[in-house]
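Open the model in your viewer, and keep the side chains ready to display. The stops below follow charged side chains and their partners.

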Amino acid sequence: MPTVSQRSGSNTTRASARGNGSDAQAVTRAAVSQLADLTGRAADTVSAVERTDDGWRVEVELVELERVPATTNILATYEVRLDNEGGLIGYRRLRRYFRNAAEEG
């Protein structure tokens, strides 16, 4: 399955989000690109995009440890905060889990 960066083009950077600060797709691409640069890992999927008072909050899922079979991969959810222009304000890991673990709730 292709990652978000493979589907949307991994060369998209912060500059693409500057054209329109309200463009959720451009902000998402900027978040994915910047998180990949910081962690060295490609995004598996984007699970949330939210406009905030000071910019944007994007939740990105990354494969932190690949295992065999792939259903036992360890994934992590990261929160990426961006300003209105797509500039990185900060990021943090929210949780880690096995790919085959069902969420309750």
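Select glutamate 79 to begin: this residue is buried, with a relative accessible area of 8% (buried means under 20% relative accessible area, exposed over 50% and partly exposed in between, with a 1.4 Å probe and protein chains only). Bear in mind that this is a predicted model, in which local features need pLDDT of at least 70 and side-chain atom pairs count only at pLDDT 80 or more, while totals for chains, interfaces and linings use all residues. Residues are numbered from 1 along each chain as its sequence is written, and side-chain values use heavy atoms, with hydrogens and water left out.

Next, add arginine 92, whose side chain meets that of glutamate 79 in a salt bridge at 2.9 Å, N to O (a side-chain nitrogen of Lys or Arg within 4 Å of a carboxyl oxygen of Asp or Glu). The pair links distant parts of the chain, 13 residues apart, with arginine 92 in strand E4 and glutamate 79 in strand E3 (residues 74-82); strands are DSSP runs of at least two residues, numbered from the N terminus. Arginine 92 is partly exposed at 48% relative accessibility.

Now show arginine 81, which also forms a salt bridge with glutamate 79 (3.6 Å, N to O) and is partly exposed at 31%. Extend the selection to Glu50, Arg57 and Glu59, which belong with Glu79, Arg81 and Arg92 to a network of salt bridges.

Finally, move to arginine 96 and glutamate 64, whose closest N and O atoms are 2.8 Å apart in a salt bridge. Arginine 96 lies in strand E4 (residues 88-98) and glutamate 64 in strand E2 (residues 55-65), so the pair ties together parts that are 32 residues apart in sequence. Glutamate 64 is buried at 12%, whereas arginine 96 is partly exposed at 46%.

Terms used:
Helices (H or I, at least four residues) and strands (E, at least two) are DSSP runs, numbered from the N terminus.
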